Amino acid sequence: MKPMKNRLSIVGLVAVLTLCVSCKSEKRLAQYSAIYTERPQVIYVAPLNDLSLRRALRTVEDSLFNLSLNIASKQLFLTASDPLVYKGYYVPGPLASAQIAATEWRSGKQLRNESVADYHTDLGIDAILFITINGWASTANSWTVEAEYVLRSAQSNNELLHVSVTARKTLATDFKGNPVPLKEDEEFAKRYDCDLETAQRCRLVETLNQYVLKDLPSGQRARQHSTERYIPAHPEYFNLQIHPDGSVELKKTELTD
């Protein structure tokens, strides 16, 4: 798959948005109080933590399945910076991020739990975004990913954001039961020379990034509106459904024991 510098816009995909939240959402001022207090400007996207299971290589289909997951994982990482930049944050580019990752001696677990103050004092990074893929599932016409987003301050070591999402993209089927992709899906597959299944996974995680990270408060480089702090924020746990017509639906999920 070719480098994704000119990524397919998903504005049309999320133009029709339905919110189905079971109870009144918390306002952004309360949900992101730590971000409003610390006002981070520079956010570093850490290497993706992909915990999804790969298949044992017994057939060509197993290899193609694993490749599809690898490409989707890369797409999730590469498109995470776009919504952050849109919101007015400075994000180190892919080359700078690769250099930072190459010099890191701590494990991903240590970065998530121990002090990262050196990122602020040595590199001028205010916060680190950690994204974890917990697993994939699929049917003949749907693709589901479970992901977790944690934004951790390099100034205070506090969590500024912690969101867990189950996102699913579903296609309509023809009379034979075969999935019918959207025009945008076909254009994506053609542009990046990938199969339909990989295109679905990539477009799903790209939408997921946009939906989760564009909910953050505006950074200092973006124009802020006085009403922003009082707009309902997304829940910390929710399901994201992309319907066959491309519309997006959010449903809040409650924690269970």
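This is a short tour of the structure, stop by stop, with something to select at each one.

**The whole chain**

Start with everything on display, and keep in mind that you're looking at a predicted model. Colour by secondary structure and you'll find nine helices and 10 strands. The chain has 257 residues, and 46% of them count as buried. Switch on the surface: about 13,400 Å² is exposed, with carbon and sulfur atoms supplying 52% of that area. Now think about how the chain folds back on itself. Take the contacts between residues at least 6 apart in sequence, and 70% of them join residues at least 24 apart.

**Stop 1: Q31**

Select Q31, which sits in helix 1, residues 28–31. Is Q31 buried or exposed? Its relative accessibility is 16%, so Q31 falls in the buried class, for which the cut-off is under 20%. Leaving aside residues up to four places away in sequence, Q31 touches E26, A233, H234, P235 and E236. Show side chains here and look toward H234: the Q31 side chain gets to the backbone oxygen of H234 at 2.7 Å. Then add L161 to the selection. Q31 and L161 are separated by 130 residues in sequence, yet their C-alpha atoms are 8.5 Å apart.

**Stop 2: a salt-bridge network**

Stay with helix 1 and select R28 along with K87, D215 and E228. These four residues are linked in a network of salt bridges, and the structure as a whole holds 11 salt bridges.

Begin with E228 and R28, whose closest N and O atoms are 3.8 Å apart in their salt bridge. This pair links distant parts of the chain: R28 is in helix 1 and E228 is in the loop between helix 9 and strand 9 (237–242), 200 residues apart.

Next, measure from E228 to K87. This salt bridge has its closest N and O atoms 3.9 Å apart. K87 belongs to the loop between helix 4 (81–86) and helix 5 (94–102), while E228 is in the loop between helix 9 and strand 9, so this pair ties together parts of the chain 141 residues apart in sequence.

How buried are these charged residues? E228 has 6% relative accessibility and counts as buried. K87 is buried too, with a relative accessible area of 8%, and R28 is buried with 10%.

**Stop 3: helix 9**

Select residues 196–213 to bring up helix 9. Try a distance between its end C-alpha atoms: they are 26 Å apart, which agrees with the 26 Å that 18 residues should span at 1.5 Å a residue. How much of helix 9 is covered? Of its 18 residues, 16 are buried, so you may want to hide the surroundings to see the helix clearly. Before moving on, zoom in on the start of helix 9. There, a side-chain oxygen of D195 comes to within 3.1 Å of the backbone nitrogen of E197.

**Stop 4: R55, D62 and a nonpolar patch**

Select R55 and D62 with side chains shown. The two side chains meet in a salt bridge, 3.8 Å from N to O. R55 is partly exposed at 40% relative accessibility, whereas D62 is buried, with a relative accessible area of 11%.

Now turn the surface back on and pick V60, L64 and L67. Together these residues form a nonpolar surface patch with about 290 Å² of accessible area. L64 is in helix 3, which runs over residues 60–78.

**Stop 5: two loop residues with positive phi**

Some background for the last stop: most residues other than glycine have a negative phi.

Select R39 and check its backbone. R39 isn't a glycine, but its phi is positive, at about 55°. You'll find R39 in the loop between helix 2 (33–38) and strand 2 (43–45), and R39 counts as partly exposed at 22% relative accessibility.

Finish at N157. Where is N157? N157 lies in the loop between strand 5 (142–153) and strand 6 (159–170). The phi of N157 is positive as well, near 70°, in a residue other than glycine. With a relative accessible area of 24%, N157 is partly exposed.

Terms used: Residues are numbered from 1 along each chain as its sequence is written. This is a predicted model: local features need pLDDT of at least 70, side-chain atom pairs count only at pLDDT 80 or more; totals for chains, interfaces and linings use all residues. Side-chain values use heavy atoms; hydrogens and water are left out. Helices (H or I, at least four residues) and strands (E, at least two) are DSSP runs, numbered from the N terminus. Buried means under 20% relative accessible area, exposed over 50%, partly exposed in between (1.4 Å probe, protein chains only). Contact means heavy atoms within 4.5 Å. A polar contact is a pair of N or O atoms within 3.5 Å; within protein, one must be able to donate a hydrogen and the other to accept it, and residues adjacent in sequence count only if both atoms are side-chain atoms. Patches are made of residues with over 30% relative accessible area and no salt bridge: like charges are joined within 9 Å, nonpolar side chains (Val, Leu, Ile, Met, Phe, Trp, Tyr) within 5 Å. Accessible areas come from the Shrake-Rupley method with a 1.4 Å probe; for residues, only the protein chains shown count as cover. The expected span of a helix is 1.5 Å times one less than its number of residues.
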